[in-house]
Amino acid sequence: MDIVSRPRRLLLGPSSGIAARLGRLVRGRAEDGLWVRPALLGVIVMTAVLYIWGLDRNGYANSYYSAAVVAGTKSWKAFFFGSFDAGNFITVDKPPAALWLMELSGRIFGVSSWSLLLPQALLGVATVALVFVIVKRAAGPAAALIAALVTALTPVAVLMFRYNNPDALLTFLVVAAAWALFRSLETGRTRWLLLSAAVVGLAFLTKYLAAYVVLPAFILTYLLLGPGGWRRRIGQLLGAAGVLLVSSGWWVAVVEAIPASARPFIGGSVDNSVLNLVFGYDGLGRLVGALGGLGSGAARAAGGGPPGGGGGFGGIAGGFGGQPGLLRIFNTDLGGEISWLLPLAAAALVAGIWIHRRGPRPNLALAGYVLWGLWLLTHAVVFSFASGIFHPYYAVVMAPSLGALVGPGVVDLWRLHSRSLAGGLIGAAGLLATAWWGNQLLARTPDFAPGLGTAELALGALAAVVLLVAVFFRKRARVPAAALGVGLVAVLLGPTAYAVVTASRAEQGAIPSSGPATAAAFGPGAGADFGPRGSGGGTLPARGSGGGFGGPGGNTSPALLTYLEQHQGSATWLVATSSANGGDSIELATGRPVLAMGGFMGTDPALTVSKLRQLVASGQLRYVLAGGAGAGRFGASAEAAGGPDFGAGPPGAGAFPGRGGTAQSVMSWVTQNCKSVDYSGGGSGGASGLYDCAAAANNGS
């Protein structure tokens, strides 16, 4: 028998080895049930389809960042600094890590909607998988699958992992840092804690201080539940703080050390300094609004600065997320993005901490509740009371913590119901409150999926009643388990519907939002209404496209672009626009550098009349686009379109708020000294908004 079987093993050895590996991939670990790995693969495939399906309908999504990607694929200097243009006049108003990912993809595959957005979608799939891995270590496979599913179906997650804002990479990185932290809690090895700190530092280079909101949760979890004695834990945390400082600060230090004349202007700052951007516009300015010299012109404009501060947006305190306050997370702006399962998460947090409060170290189950609970609460408090620039899509970073609480919580609530009446009451109350809240959220969009809210409430109430009856009459476990399953399906109906419709429609612009297009983009108290959700359109910026607030802006008429391309000559920049919002669509349509004189909204003090004359005299710039043609999303027509009143600037002031200062003087010099160009051949004269400054720099004006 051995003589016969040996040749068979030799012949089938390699194939059986491959088959065995494939079997292990599908089956998973030996200690797991046979259902775990197939179920996980099913969730991963579902997530991939949801995040990748029809991805190109979003076009270039946020054209501001997409234009910067074009620049980074053409210039390594622009790549390093995160420049808006390949001529390296000014950077975007965020650190460059998220751009690096898209720019590398663009360099490999060419710049397209797919090359920009697919990396974000893959980050989303990886985030869901990491949530599963983390929760499985702490609470088992059933809890991990629920956690992964909830994370994947959170509407704001579907939105942002199909988008090119920095929040996709930020969310993935902080979840990766949480994974490393759990490895340190589990093994007691310092290197994992140091890795966690290093990853948070990379997240800092993605969105500055927004990455640090997770630090209270990380520090307290390790300090309270980490292995070893207090001295060891404090020493490890101090070491991690050193790693965090280096990993966060190396790029900032390099940029600050380079002379301003040798690098682009730091967009969003008031003094051409990264530190000003970190602590001003992208830091404390987000929390408390304008801070005098700390906040940039853009921050004062969008955050609602003090009287006389030149705030272009006037009364939009809190920046598009509704009025700051305790219940902001449930308002019409944020409710549909993130709040669907918050009542169940709260019930899970209470029950989970109570059940696992006395477990032996390493108590990963308790550590999970503490970490994710603090994560969720910290972000909820920061987002609720932030009175500076705030957008609802920031809530994407809360999605992993929401899933990681609900998953273990559902399992623990099922276990607790058989031990005490209190357990059954908490589980039933959590399901009923969550189903009721889902019904309320769906009622805000009555034309979308009518009857779904009623079904969710009815199923949730039925599940809650069965759980309570089972407790009183001590029914077998399979009955309450089935009821809990029905209740979980019920409370997922609303967010799943929102997730699917978010993936099925186009979304473009600076302020994306999830859910049906019938939902208002800004709820009561937001201070402004810029139109319905999804109004940004679904096509790539093209010649002839205009744009509203947040969408592909500027004038990309064929006549204008053809004229500029034919007359650029040896100039570095194709044209100068008053803001990036007037220039991004031109840069995307032509692939050529556009000089955004005032940065994102036209309020950065990046250009003076003297500097403009130098650029023109040296032949680096010839044309300036002003007035309605270059106004983009913040131009003279903003008020007429239902947007904010930027005041009355000089003729052709375009995106610059009429509050005086450098911006106004630059555009005044252009309109008074440069020659108006009729690029259309129709005799429009100055109405075209295009000025030729070639002969103006040396005329002594």
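**Helices, cores and odd backbone spots**

Q: In this predicted model, which helix is the place of L432?
A: Let's start with what surrounds this residue: not counting residues up to four places away in sequence, L432 touches A461 and A464. As for its own place, residues 421–443 form the helix that holds L432, and that helix is α19.

Q: Is L432 buried, exposed or partly exposed?
A: The relative accessible area of L432 is 38%. Buried means under 20% and exposed means over 50%. A value of 38% falls in between, so L432 is partly exposed.

Q: How far apart are the C-alpha atoms of L432 and L462?
A: Along the chain, these two residues are 30 residues apart. In space, the C-alpha atoms of L432 and L462 are separated by 8.8 Å.

Q: What span should helix α7 have at 1.5 Å a residue?
A: Helix α7 covers residues 141–153, which is 13 residues. The expected span is 1.5 Å times one less than the number of residues. The end C-alpha atoms of α7 agree with the expected value, since both come out at 18 Å.

Q: How many of the 13 residues of α7 are buried?
A: The buried ones include A143, L145, I146, V150 and L153. Helix α7 is largely enclosed by the rest of the structure, because the buried count out of 13 is 10.

Q: Are α9 and α10 roughly parallel or roughly antiparallel?
A: Helix α9 (residues 167–187) and helix α10 (residues 190–207) pack at about 170 degrees, with their axes 8 Å apart. Angles over 145 degrees count as roughly antiparallel. That makes the relation of α9 to α10 roughly antiparallel.

Q: By class, how many nonpolar residues are in the contact of α9 with α10?
A: This contact also has 4 polar and 3 charged residues. The nonpolar ones in it number 16.

Q: Which helices do the buried residues of α10 pack against?
A: Among the buried residues of α10 are W192, L193, V200, F204 and K207. These buried residues of α10 pack against α5, α9, α11, α12 and α13.

Q: Which helix gives the largest share of the largest nonpolar core?
A: This core has 179 residues, and those with the most contacts inside it include Y51, F218, W372 and W375. The largest share is 13 residues, and it comes from α9.

Q: Leaving aside neighbours within four places in sequence, which tryptophan is in contact with F218?
A: The contacts of F218 include V174, A177, A178 and L181, along with S196 and V200. Two more complete the list: L371 and W375. The tryptophan is W375.

Q: What is the phi of Y208?
A: Most residues other than glycine have a negative phi. Y208 is not a glycine, yet its phi is positive. Y208 lies in the loop between α10 and α11, and it is buried, with a relative accessible area of 1%. Its phi is about 50 degrees.

Q: Is N88 buried or exposed?
A: N88 also has a positive phi, of about 60 degrees, and its place is in the loop between α4 and α5. The relative accessible area of N88 is 12%. Under 20% counts as buried, so N88 is buried.

Q: Is the peptide bond from R361 to P362 cis or trans?
A: Most peptide bonds are trans. P362 lies in the loop between α16 (342–355) and α17 (364–385). With omega near -5 degrees, the bond from R361 to P362 is cis.

Key:
Residues are numbered from 1 along each chain as its sequence is written. This is a predicted model: local features need pLDDT of at least 70, side-chain atom pairs count only at pLDDT 80 or more; totals for chains, interfaces and linings use all residues. Side-chain values use heavy atoms; hydrogens and water are left out. Helices (H or I, at least four residues) and strands (E, at least two) are DSSP runs, numbered from the N terminus. Buried means under 20% relative accessible area, exposed over 50%, partly exposed in between (1.4 Å probe, protein chains only). Contact means heavy atoms within 4.5 Å. Axes are lines fitted to C-alpha atoms, for helices over the stretch in contact, and angles run from 0 to 180 degrees between N-to-C directions. Angles under 35 degrees count as roughly parallel, over 145 as roughly antiparallel, 65 to 115 as roughly perpendicular and the rest as oblique. Ala, Val, Leu, Ile, Met, Phe, Trp, Tyr, Cys and Pro count as nonpolar, Asp, Glu, Lys and Arg as charged, and the others, Gly among them, as polar. A nonpolar core is a set of buried Ala, Val, Leu, Ile, Met, Phe, Trp, Tyr and Cys residues joined through side-chain atoms within 4.5 Å.
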